[in-house]
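Visitor: I have a protein model open in front of me and would like to learn how to read it. Could you take me through it step by step?

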Amino acid sequence: MRILKLQKKDLFPLLKVISREAELWAPTAKGDKFAYGRVLDFSRIAMDAVRTIIPPKKIMVPSLFNMFNFTEKGYQEDLSHVTDRILFGIHPCDIHGLLILDKLFSQAYLDPYYLEPRKKTLILGLSCLPDAYCFCKSTHTDIIEEGYDLFFTDLESYFLVWIGSSRGDDLIRLAPDFFDDKLTEKDIQTYTKWQEKRDNAFKTTVNFTRMPDLMELNYKAPFWEEVGAACLACGSCSMVCPTCNCYNVVDKLFLGNKPGKRLRHWDSCTLPEYSEVAGGENFREHKSQRLKLWYTHKLQAYVSKYGKPSCVGCGRCLVTCPVQIHVKSVADALEGHPVEAFWKKFAQEVSK
Ligand code: SF4
Ligand code: SF4
């Protein structure tokens with residue numbers, strides 16, 4: 001793997017050259033938060049964004065789109081959401097999130113609605129420093145060795161640029177004069193210091209190695225009723241999670257000869273309709289059952305199948321859930337640690 005140096009002043013000129021034939025997407029400010037958006041004015045790129053509200057899965061699979069148009073004669077696929085894109089500013093946890101989605105959308109059958117945009121999107125990763133909610137060190141997703149084309153480590157006055165694929169190499173060839181391939185001893189020391197600073201900045205930890213056993217042992221614990229009682233069934237935890245991928249399809253029909261549409265939209269196993277079947281039966285009627293499923297997927301089932309959790313430690317559920325049901329508070333409760341979260345206080349009030 002080749003590593004090059006790029007001066008800070010050359011970043012935007014580089015992005016200009018390499019995004020001539022593709023849409024450039026990057027985190028931009030949205031109030032006091034950040035969101036991925038198409039960027040035409042490079043000064044809008046939020047270089048200091050820790051996490052975006054919605055992860056980059058929205059760029060691959062929009063929250064609602066038309067899969068195909070159909071008539072009585074057949075159907076015609078609609079891949080209008082697929083276009084050449086460069087995604088800049090994606091952090092290691094979110095690249096790991098995409099690697100998990102790659103697996104899930106290609107294991108039983110190939111899902112073109114995810115895989116086509118994925119193939120056409122170049123991934124330009126960017127290093128970050130954790131805030132109080134990040135715990136990607138606990139999930140071992142704080143570093144990245146695959147899944148990107150270029151990766152930029154910000155060392156204040158310059159970047160170290162890792163080339164992760166032949167497509168990344170092609171990007172470098174579009175603007176070779178911006179890069180310096182002579183790394184010095186001082187560069188290595190600067191990088192090592194930066195790594196130490198980053199390692200020491202993590203404030204939140206979760207002990208994932210214990211989770212599969214603790215999930216099993218707590219399968220019937222009253223704890224699930226406590227979180228279920230406080231949960232609002234809003235689905236936000238799934239919408240913001242980079243590895244949640246459930247969806248539903250609905251047909252839209254029109255009067256006359258107009259073709260029908262098969263629409264696909266994000267779904268969540270925390271919503272009551274998700275497990276409803278014909279006749280009105282619901283296999284997971286209670287919020288406690290639905291949350292148990294969500295956490296089984298995150299902390300136990302994916303570990304059994306792939307040897308790691310399907311949580312990448314991005315912290316989005318920590319900052320999003322209105323009643324503080326999230327991986328950290330659930331893991332703490334499973335471990336028997338004191339929990340300060342709203343759902344716990346709610347449970348204590350209700351039991352008085
Ligand atoms: S479970 Fe929470 S912290 Fe883990 S990847 Fe999903 S949103 Fe991020
Ligand atoms: S756990 Fe929180 S974010 Fe998820 S559905 Fe319940 S209230 Fe909403």
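Guide: Let us begin with the broad division, keeping in mind that this is a predicted model. The protein is split into domain 1, covering 3-200, and domain 2, covering 208-351, and the C-alpha centres of domain 1 and domain 2 are 27 Å apart.

Visitor: How many residues does each domain bring to the contact?

Guide: Domain 1 contributes 39 residues to the contact, while domain 2 contributes 36 residues.

Visitor: How is the size of an interface often given?

Guide: A common way is to state the accessible area that is lost when the parts come together. Here, domain 1 and domain 2 bury about 3300 Å² between them, and 62% of that area is on carbon and sulfur atoms.

Visitor: How many salt bridges and how many polar pairs are found across this interface?

Guide: Across the interface of domain 1 and domain 2 there are two salt bridges, and there are 23 residue pairs in polar contact, counting pairs with both residues at pLDDT 80 or more. On the side of domain 1 that touches domain 2, at least two residues each come from α2 (57-60), β4 (64-71) and α3 (92-104). The residues of that side of domain 1 comprise 22 nonpolar, eleven polar and six charged.

Visitor: Which salt bridge involves the side chain of Asp111?

Guide: The side chain of Asp111 forms a salt bridge with that of Arg264, with a distance of 2.9 Å from N to O.

Visitor: Let us turn to single residues. Is Asn282 buried or exposed, and why?

Guide: Asn282 counts as buried because its relative accessible area is 18%, and the cut-off for buried is under 20%. Asn282 is found in the loop between β12 (260-266) and α10 (287-306). The side chain of Asn282 comes to 2.8 Å from the backbone oxygen of Pro272, and it also makes a polar contact, at 2.7 Å, with the side chain of Ser275. Setting aside neighbours within four places in sequence, Asn282 is in contact with Pro272, Ser275 and Glu276.

Visitor: And where does Asp180 lie?

Guide: Asp180 belongs to strand β10, residues 179-180, and Asp180 counts as partly exposed because its relative accessibility is 32%, between the bounds of 20% and 50%. Although Asp180 and Lys5 are 175 residues apart along the chain, their C-alpha atoms are separated by 5.0 Å. Apart from neighbours within four places in sequence, Asp180 is in contact with Leu4 and Lys5. A polar atom of the Asp180 side chain also lies 2.9 Å from the backbone nitrogen of Lys182.

How values were computed: Residues numbered from 1 in each chain as written. Chains lettered and ligands numbered in written order. Predicted model: local features only at pLDDT ≥ 70, side-chain atom pairs only at ≥ 80, totals over all residues. Heavy atoms only, no water. Domains from an automatic or database assignment. Contact = heavy atoms within 4.5 Å. Buried area = accessible area lost by both parts, 1.4 Å probe. Salt bridge = Lys/Arg side-chain N within 4 Å of Asp/Glu carboxyl O. Polar contact = N/O pair within 3.5 Å; in protein donor to acceptor, adjacent residues only side chain to side chain. Helix = DSSP H or I, 4+ residues; strand = E, 2+ residues; numbered from the N terminus. Nonpolar A, V, L, I, M, F, W, Y, C, P; charged D, E, K, R; others polar. Buried < 20%, exposed > 50% of the residue type's maximum accessible area, 1.4 Å probe, protein only.
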